[in-house]
Each structure stands twice: as C-alpha cells, then as structure tokens.
Amino acid sequence: MRFTCALKTVAIGVALTASGLAYAQGGGGGGGADAKKAEAAARAQENAKSLDTNLKPQLPPATVPADPQNIWDLDLSSGGRVRIQLRPDIAPAHVERIKELTRQGFYNGLKFHRVIPGFMAQGGDPKGDGTGGSTLPDLKAEFNPMPHLRGTVSMARAQSEDSANSQFFIVLLPRMQLDKKYTVFGRVIEGMNYVDAIAQGEPPANPTVILQASIDSDGKPPVTAAPPPPAPPVSIIDTPAPKPAAAKKPAPKKK
C-alpha cells in the first residue's frame, strides 16, 4: 500500500516536473519565435540598406591625383601650354583614342574651327569645318555623371551617340544641359587663360592653332608660336642718272 502510494507520489512528481519543463520549453519557444522575428526584421533592414546603397549611383571622384601619363598638353598659338587631366576612370576608350592620335601627331597644326563666346571652343577636325575626323573607327559613347563645368573637356559628336572620333571641345562656362549627352574625358588643370584667348568665330577669321599636342609623360618641351618673319629690307635700287642731252651742232653758216 505504502509502495503504491510511493509510486503515485513519484508519478505525480515526474508529471509535475515534465509539466514544468514543458511550460518552460513552451515559454522559451515563444521567446525564440520573438527572437527569430526580431532577427528576420533586422536582416530585412540590413538587406534594404544594402539594396538602397546598391541602387544609389556611385559617383566618380571630382578630381584625381595628377599623373603625367594622363595629362594632355596642348601648346596653342594663343599664347602657351594648356594642361588637361585625362580621366581613364570614366572614359577609358576616349582617353585611349586621344593618346593614340596625339602620339601620331594628328592634332599638330589643327585649328579651333568653332568657338562660341561663353560656351565652348571646338577643335580636332583635320578638315577644319566640323565634318572631319581620323581614319580610326568612331567610338561608342561613354556618358558619365561628370558635369560640363568651366574647363571640362568633352568629345564632340554627330547626331548619333556613338559617332565621336577625334573632335573635342573645351567648355568656357558651365553648360549642364550637355551632361550625359556628350562624353566627358578630362578637365583643364592649367592654362585656362590660353583657352579664353582662343580666337572666336564659326569659323574664326584668324583661328587659333594647336602647335603641338603631347602626353606629359613623353616629356616634349612646349612649342611657342614662331615670331612673324622680319619684313624684307627695303632695297634701294640705283636708278641710272639721265644722260646729258647731246650738244646741238651749230647750224652751218650760209656763205
């Protein structure tokens, strides 16, 4: 009898313990669900932040360290050397084209054929009328977020977006309406005063000429405009003195 009661007591004790464990597990399970919900919410928030970051445009730096291998020197007849920082990080194919043509001597002697005050100065056309280019194929556009500010150097093109070849223009005053419609590939870092002095007109009556284009790392010294040749000396031509009139012979006397 006592044994039976003892078994009942043990059974009740085990049942209570199991019930307590079950309650604890049930409570823990509820807390675990809440923890999982919180963890899922945190993960969703992180994913949203990551997605938002990925959707935001990653703008290139406004400036980059000066690198002689990516500085384009233009010696102009308007007075001196213009130094342009090329940007292969935003327009690699266009920068490569500029370097290739420059090292061929393509730009030497070409005119700025279209110069609009307060807008831009355009050059790089071997025909000098805006219709020419190099023998290399046209380039695929590399539009980028860089703005068309004063000193920006961008590639000229025809109506097709993928028609840039050799012509370029230097912006004189900001023109944001050109952004993402023309490929920016550099910016003037020295000599903007010589750009301002480029002869104006469409075409100019006396156009400014690129005396020499070079890549800074090639170490070519600046070329300045040759002074006009001296005027030829005035030659004094000795004119022969007039011959004295022949003396008239006296008329014979009449006898």
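**Exercise 1.** Work out what share of the chain's contacts between residues at least 6 apart in sequence join residues at least 24 apart.

*Solution.* Take the contacts in the chain between residues at least 6 apart; 71% of them join residues at least 24 apart. Keep in mind that we're working on a predicted model here. For a bit of context, the chain has 255 residues, and 32% of them count as buried.

**Exercise 2.** Lay out the secondary structure, then find the strand order of the sheet and its edges.

*Solution.* Start by counting elements: there are three helices and eight strands. Walk along the sequence and you get α-β-β-α-β-β-β-β-β-α-β. Next, put the strands side by side: the order is E3-E4-E6-E5-E7-E2-E1-E8, in an open sheet with antiparallel pairing. Strand E3 (112–116) and strand E8 (210–215) are the edges, as each pairs on one side only. From one strand to the next, the twist averages 25°.

Now zoom in on one pair: E4 (residues 120–123) and E6 (residues 168–171) run antiparallel and share four bridges. Across that pair, Gln 122 sits opposite Phe 169 in E6.

Finally, add helix H2 (residues 92–104), which lies across E1, E2, E5, E7 and E8, at about 120° to E8.

**Exercise 3.** Decide whether Asn 70 is buried or exposed, and say why.

*Solution.* First, place the residue: Asn 70 is in the loop between helix H1 (2–55) and E1. Then check its relative accessibility, which is 11%. The cut-off for buried is under 20%, so Asn 70 counts as buried. Last, look for its partners: beyond neighbours within four places in sequence, Asn 70 touches Ile 84, Gln 85, Leu 86, Pro 88, Val 95 and Lys 99.

Key
Residues are numbered from 1 along each chain as its sequence is written. This is a predicted model: local features need pLDDT of at least 70, side-chain atom pairs count only at pLDDT 80 or more; totals for chains, interfaces and linings use all residues. Side-chain values use heavy atoms; hydrogens and water are left out. Two strands pair if DSSP finds at least two bridges between them. Helices (H or I, at least four residues) and strands (E, at least two) are DSSP runs, numbered from the N terminus. Axes are lines fitted to C-alpha atoms, for helices over the stretch in contact, and angles run from 0 to 180 degrees between N-to-C directions. Contact means heavy atoms within 4.5 Å. Buried means under 20% relative accessible area, exposed over 50%, partly exposed in between (1.4 Å probe, protein chains only).
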